[in-house]
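Let's take a walk through this structure, starting with the backbone and moving on to the aromatic rings. Keep the 3D view open as you read.

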Amino acid sequence: MNLPFEYERITAGEFGGTTPTTTDFERARVVILPVPLDRTTSYVPGTRNGPHEILAASSHMELWDEETQTDVHSIGIFTLPEMEFPFATMEEVLQEIRRVATEIVSRGKFPVVLGGEHSITAPVVAALASKYDKLSVLQIDAHADLRESFMGTPHNHACAMRRVLDYARTTQVGIRSLSPEEAAAAASLATGILYDFNMRRNEDWIDRVVDSLNETVYITIDCDGFDPAIMPAVGTPEPGGLTWYEGLSLLRRVIESRKVVGCDIVELCPLPGNIAPNFLCAKLIYKILSYRFGSEVSGRD
């Protein structure tokens with residue numbers, strides 16, 4: 001595979017498979033970057049296997065989206081090889097992710113990053129914030145991830161959004177797990193939290209999310225933001241969370257109302273013998289791309 005830039009890598013599948021439409025990097029609108037990082041997992045390990053399983057599941061998706069009436073695969077979706085991390089420290093790992101993300105963004109591509117643990121989000125946001133002024137971040141998650149440090153490092157997955165705040169303000173949706181320290185700090189941070197236990201009491205909760213975001217938005221989705229009834233394959237599950245259609249309604253409204261410039265899905269911890277969560281992740285990415293680019297495919301722009 002000829003690439004316009006290099007990094008340590010292994011061979012991976014292609015998102016959505018290779019038929020009926022294939023593309024190369026230069027012609028692609030969307031670039032998939034698999035980042036199987038799994039260094040700071042604190043409960044159940046296995047997120048390193050998430051990107052591979054999402055790609056494998058995606059090759060079995062039907063490519064017609066009935067909701068948007070489009071086949072967004074035709075815009076050109078290029079899948080990069082999985083990154084490898086022959087580095088001694090998390091600082092070096094995150095620097096490399098930022099470098100590669102910057103390469104993608106500088107070439108005008110829409111990055112879709114497959115995790116791996118949530119620590120990967122901050123360097124990707126850093127790359128986008130260098131290009132887009134006043135970037136904001138929508139986070140779907142069970143956990144606030146606002147710790148200053150955890151288990152001896154500020155780059156733990158439990159600190160992911162605290163590191164994101166170095167580059168962009170955030171809106172956090174579906175939160176139902178945080179420490180006393182995070183709860184005490186939240187009010188002083190550039191973030192707004194919609195707690196899962198009460199956010200639906202206001203029927204306009206999705207409007208509130210949209211209104212809180214700046215014009216340019218990056219979306220980060222931790223799989224445990226969804227109800228474990230439909231997403232059991234996570235390392236730190238929490239009762240509650242978004243249903244499938246709640247998640248889609250939120251994402252569609254945000255994408256139609258704001259300029260979304262990239263996204264990630266992280267913390268899939270595949271379960272042997274249960275492929276449904278892997279397929280949910282693949283389908284969720286395809287829905288995001290259908291909302292984002294479907295009007296271009298159909299000629300409605």
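Helices and strands here are DSSP runs, with at least four residues for a helix (H or I) and at least two for a strand (E), numbered from the N terminus. On that footing, D145 falls in the loop between β6 and α4 (160-164). Bear in mind as you look around that this is a predicted model.

D145 is a good place to begin with the backbone. Most residues other than glycine have a negative phi, and most peptide bonds are trans. D145 isn't glycine, yet its phi is positive, near 55°. Is D145 buried or exposed? It counts as buried, because its relative accessibility is 6%, and the cut-off for buried is under 20%.

Now try K134, in the loop between α3 and β6 (135-140). Its phi is also positive, near 55°, and this too is a residue other than glycine. The surroundings are another matter: K134 has 71% relative accessibility, so it counts as exposed.

The peptide bonds have an exception to offer as well. G115 and G116 are joined by a cis peptide bond, with omega at about 15°. To find the spot, look for G116 in the loop that runs between β5 (110-115) and α3 (121-129).

On to the rings. A pair of aromatic rings is described by the distance of the centres and the angle of the planes. How many aromatic pairs does the structure hold? There are four. One of them brings together F110 and F293: the ring centres are 5.3 Å apart and the planes meet at 85°, so this pair is edge-to-face. F110 sits in strand β5 and F293 in helix α8 (residues 276-298), so the contact ties together parts that lie 183 residues apart in sequence. Both F110 and F293 are buried. F293 has a charged companion too, as R292 lies over its face at 4.7 Å from the ring centre.

Y195 and F197 make a tilted pair, with 6.4 Å between centres and 45° between planes. Y195 is partly exposed, at a relative accessible area of 27%, while F197 is exposed, at 60%.

Then there's a cluster: F5, F25 and F78 are linked by ring pairs. Over the ring of F25 sits the charged end of K109, 5.3 Å from the centre.

One last stop is A185, in helix α5 (residues 180-186). A185 is buried, with a relative accessible area of 16%. From A185 to R147 is 38 residues in sequence, and their C-alpha atoms are 8.8 Å apart in space.

Conventions. Residues numbered from 1 in each chain as written. Predicted model: local features only at pLDDT ≥ 70, side-chain atom pairs only at ≥ 80, totals over all residues. Heavy atoms only, no water. Buried < 20%, exposed > 50% of the residue type's maximum accessible area, 1.4 Å probe, protein only. Phe/Tyr/Trp six-rings, centres within 6.5 Å; stacked < 30°, edge-to-face > 60°. Lys NZ or Arg CZ within 6 Å of the ring centre and 35° of its normal.
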